[in-house]
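Trainee: I'd like a close look at one part of this model, taken step by step. Please explain the terms as you go.

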Amino acid sequence: MAEPKQEKPKGLRLVAITVLTLMAKHPELCFGIFVIITSIISNYSSSVLEKNVLHPPKHPKPFFPPGSSVLDYPWGDLMPVADLLMKRELLVVLYYAPWCDESMRARAEYSKAARFLQDKVLFVAINCWWPQGACKTNYKFHRFPEIFVYHTTIDGIRYSGPILAEYIIRFVEELMYPLTFLYSEDMILNFVSKQDNSIIGFFEFNSSPQPPGFIQFFYAAIRLMEKNPLQPIRCGVITQQYLADELGLTDKEEIIMIRTFNESLLYPRTSNLTSSNIWKWALLHKEQPIVQWLNLPGHKSLELSTAIDKRPALLVFAPVNHVHPTNYYLNMVREVGLLYHYCHEVPYLEFFLRQSMRDRAHVFQSYADQQKLCKNFYEVQEKQFSYPDRNCCVSLVGADNNLHNSKKICDFCRYMEKKLTPALPQSCNLGPSLLFAEDAVFGSRIQAPFCLDALDNYNTNEYRTLCCRECKIDISYKSCASISSRRSNDNFVRQSKSSLKKNICRKLTLQKTQNLLKPSQFIRDFEASFIPVNFTGSACRTNRTLSLYFLDTSLNSALLEKLNVLRSVAIQKPFVIIIDKKNEANFILRESFSRKNLANFIQNYTESALERHLRSESPKQSCDTRSHDDICVQEVTSQTFHSVVMQQEKDVVLLITAKWCGFCISFSHIYLQLAKYFSLAKDLLFARIDADKNDLRWEFTLDSYPTILFFPAYRKEDSVIFPSNVSRTLPNLIKFILSHATSEVKTDTVVDICSKTCVSHNRRQVVRAMTHLRARKRNIKRRLNLLLQRRAQGRVVVEGGLRSLWVRYRTVQRKVWKASLLQKLLFSHTHERLSQSVLKKHFVDILKDRDLKQYQVKHDEL
């Protein structure tokens, strides 16, 4: 027999076998092929790597519209900005990313601030996201936007306050004038009364135009503004020796920190007088503010958590008008806080309170004056502010060299025959004169009052006069200032007044543009006797001490919504809440806001006399329990919790959930099936509550969601929770409810789920129960007859045993009667007759027969 022919390989298989055979015979050929393939792959891969597979970024466009007051650098240039800084003392820079939503929202506010301050400070914007820009290369910002203010000799000062026009303007204006010069004791007291920490430096300007250490003190004041722009440590300067003696400053270039409730501190002599040392020393020894302004950043942070973790916190949400220098509502809260923390004797405390009230009252008066001033300001012609007059005068103020408690005020004037007219304006140039020099005037030791004619450069058309008078220091500062003020026909005064009027009116326009609350809408509260009994110093007499915080309502709408406060109500009036995190309790001031009500609110919390506030949604419409078509799950809120869950005649199953809980969403369909299973149980109610929006009392507060609570009828205090170690399946939930529910609920459930097979099975069970009960009845009756025969024969019978046997007989007889009724029901059953309450009641009594354990019915049997 011929052998079968072997099939030859074809296609790729043949090629592979051929290549392998050649490689086995010629290994050098294999190596050459490997080198060639490797070189091809390397060349190909390098060409792929060199190729730019990404689209280049689009060229940046200007972020600010044409004509804006902001100088925009969309290409991220830094050198032009550095050149601008060499020419200007202050420069405000916004670093932005054009795709950033926060940067887009900040654009309008930044433009408003730039337009308002365009005559004083230059505003710049730099695109710090453009990859090829110098800003992106040199600076690494973690978020946008960022605002920095640059001084010619100081590094960038970061602005960390709210990005709103009024806040930015206020910050820049305070950086322009970070120091307050103090010329009297009244000015010092007024300056100290407005803040919890203030620093005053003593510098004498007589020896040199720039005393040693003054510039470093100036830089430190700017840095303190940067640390907390809303509540900075203010810095003041005194130049007179007698004021320094009052403050205990013995040497020049000395610095003192004055704190409200703690003793004052002198800057250590051993430390060099540098801006960094002053700044660090001030922050290290500063006193905690009586009322701390809480500036939440608007993104995820620990600011609020840190505040309420330390101790219970009182939060005051109030509208803020940052256009005006006085924060009206913050001052009101601070007045209450001064007395709340008044544990030890504080000098000038009454002065501080009166001064704060005067400042708040001044807000109303100044606002009324500003409205009158600006009513027709823009309609008045400019020539009415030029004050053309034949007199050209300036006023000089200096201290007497002999008497340190007096001042000399000298008016130096030039009288001209030719009047100035708007058509032919002439500058008020007094020309060079030795008498005009301050040293010449006050160094001559002329006894005031004095007046003389100056004949320098005298001609027939003009001459000059010098008139001096004294101003005693014991006169109030304001009176002295009015005497020594420059005359209105001074050119510098005329320009300053006109500029001041324009600035005031522009701020009122900004107030309207920003939709800020007008001072006339503030709550008026200037009654001196507002303190309740035993309130002063109560912070030191109890362990329940509160920290006081102040928040701007318009910046914290999300927090107000979380606290379930209507924003439309809270934005116009202050809203006060106490958050006690440790005890998981919140308390809200229900009365109208005033200093007296605020003090009473704090005192009632200290005495545990406040009722806890429970957040609650609006009550929701209840479902119709009479309808069997739909599943009824009642939505419960904090307001309706007691009326729904605490119904004495019903068993209530409560599901506690939260909308952000993913497990709650997956569990909801099981809960609906459970409610459907017990749909015909009239005495069982299923309810649900969103615990994220509705606070529960502390005994029902839980740490995890979802959670099921069962409240039994007539025993609400015995509420039980579904075990956490048991899986939340439908059979387990049914067993949990049946094990704690009342007998009526069990019967309703049994009747509802009993099918024809169930009825047939229970018919047989009832027949067996009837047979057993009748046998027990005959047995008890026979024993009872025997005992009665013995007693009739005169034999001794235990009466207690006879009565007990008689009670048992009556009980069994009653059960036989009820079982017979149930037997009739089962053998002539319909669904309607099974639902009759009377028959169900008899059936429940049969189930209670503990002697028939073998006939105890499960949840699917009668």
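How many bridges join β9 to strand β10 (residues 265-266), and do the two run parallel or antiparallel?

Mentor: Happy to! Two bridges join β9 to β10, and the strands run antiparallel. Before we go on, bear in mind that this is a predicted model, in which local features need pLDDT of at least 70 and side-chain atom pairs count only at pLDDT 80 or more, while totals for chains, interfaces and linings use all residues. Residues are numbered from 1 along each chain as its sequence is written, and side-chain values use heavy atoms, with hydrogens and water left out.

Strands here are DSSP runs of E with at least two residues, and helices are runs of H or I with at least four, both numbered from the N terminus. Two strands count as paired if DSSP finds at least two bridges between them. Across the pairing of β9 with β10, Met257 stands opposite Leu265. Five residues separate the two strands, and together they form a hairpin.

β9 has another partner as well. Strand β7 (residues 197-202) is joined to β9 by six bridges, again antiparallel. One position to find on your screen is Asn197, whose bridge partner in β9 is Arg259.

Now look at how β9 is covered. The strand takes in residues 254-259, and six of its six residues are buried. "Buried" means under 20% relative accessible area, with exposed over 50% and partly exposed in between, using a 1.4 Å probe and protein chains only. In a regular strand the side chains alternate between the two faces of the sheet. In β9, Glu254, Ile256 and Ile258 lie on one side, Ile255, Met257 and Arg259 lie on the other, and both faces are covered.

Ile199 is a good residue to look at next. Its contacts (heavy atoms within 4.5 Å) include Ile255, Ile256 and Met257, leaving aside residues up to four places away in sequence. Beyond β9, Ile199 also touches Phe191, Phe217, Leu224, Trp281 and Ala282, among others.

Ile199 also belongs to the largest nonpolar core, which has 111 residues. Such a core is a set of buried Ala, Val, Leu, Ile, Met, Phe, Trp, Tyr and Cys residues joined through side-chain atoms within 4.5 Å. Those with the most contacts inside this core are Phe123, Ile199, Ile200, Ile238 and Leu314. Another core, of 22 residues, lies apart from it and includes Val633, Val653, Leu655 and Ile737.
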